[in-house]
Amino acid sequence: MDILDKYGGLWQLRTEVAEGSRQLTEVRQELDRLRKDEEELAQRVDFLRYQVGEISTANLRPSEDDDLTLERDRVANAERIITLSDHAYRALYDSFRRSRIGHGPYRAGVQGPFPMERLDPSLSENLESVDALTHQVDELARALRSYRDGIEYSPDRLQELEERLDLINGLKRKYGSTIGEILAFGERASQELEKLYHSEERVRD
């Protein structure tokens, strides 16, 4: 073949064809590499897009899991809480009533026609203490009654809380042990996704 090419004056053409073949091989190899990179890039983009979307859709709030857990426990134990708070309220209310009943004779002795307060002014301080304590007991009883009346057992709300906590715990298993870590993971994934979008454009070009 060498002798024939030289004899026919084809050596230069043969060299050019060989060089063209070599370049074509390199281009094909580079194209295969780019196609492979593009496939891997597309897979990574899809994966990151899924992660970012999952975290974004959840609309997480800092410390939301703590608030939900507290409410879930309160709703789950609503009947028990109502019973206990009602007992506490009645005990305080009865105590308040007794203090009001006993308050009359005390004032009669201290502030009656011949008030002891005139004989010993220090008794006026005791009277003020009785008034303050009676008021505090009354306020506490009212607060307990308001708290008791505000507690409600709702199976539907309990189910909502359980489902929301299950969602958050599922995200924790994937992206971090706290809501803060989950949100930080989503931010990093979003930044990487933005960079890969530009890389994907360069590969296609």
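By contact I mean heavy atoms within 4.5 Å. With that settled, take L171 in this predicted model. Setting aside neighbours within four places in sequence, L171 is in contact with E54, A58, L60, G176 and I182.

L171 is also one of the residues with the most contacts inside the largest nonpolar core, a set of 13 residues. The others on that list are L60, L68, I168, Y175 and I182. Four helices, α2 (11-58), α3 (64-76), α7 and α8, each supply at least two residues of this core. The most comes from α7, which gives six residues. There is a second, separate core of seven residues, and L41, V45, L48 and L193 are among them.

Back to Y175, from the list for the largest core. The structure holds one aromatic pair. Its partners are Y175 and F185, in a tilted arrangement, with 4.9 Å centre to centre and 40 degrees between the planes. Y175 sits in helix α7 (residues 155-175) and F185 in helix α8 (residues 179-204), so the pair ties together parts that are ten residues apart in sequence. Are the two rings' residues buried or exposed? Y175 has a relative accessible area of 8%, so Y175 is buried. F185 is at 21% relative accessibility, and since the cut-off for buried is under 20%, F185 counts as partly exposed.

Next, α3. This helix has 13 residues and reaches 18 Å from its first C-alpha to its last, close to the 18 Å expected at 1.5 Å a residue. Which residues of α3 are buried? They are E64, D65, L68, R72 and V75. Looking down the axis of α3, these buried residues fall within an arc of 95 degrees, so they line one face of the helix. D66 and L70, on the other side of α3, are exposed. L68 is the residue I named earlier for its contacts inside the largest nonpolar core.

Last, confidence. The mean pLDDT of the protein chain is 76, and 62% of its residues reach 70 or more. Confidence is highest in α7, at 95, and lowest in helix α5 (residues 116-119), at a mean of 55. Over residues 101-114, pLDDT stays under 50. The model does have 20 contacts beyond four places in sequence for that stretch. Where pLDDT is low, the predicted coordinates should not be read in detail. By contrast, α7, the helix that gives six residues to the largest core, is where confidence is highest.

Terms used: Residues numbered from 1 in each chain as written. Predicted model: local features only at pLDDT ≥ 70, side-chain atom pairs only at ≥ 80, totals over all residues. Heavy atoms only, no water. Phe/Tyr/Trp six-rings, centres within 6.5 Å; stacked < 30°, edge-to-face > 60°. Buried < 20%, exposed > 50% of the residue type's maximum accessible area, 1.4 Å probe, protein only. Core = buried A, V, L, I, M, F, W, Y, C linked by side-chain atoms within 4.5 Å. pLDDT = per-residue confidence, 0-100. Expected span 1.5 Å × (residues − 1). Arc of directions from axis to C-beta.
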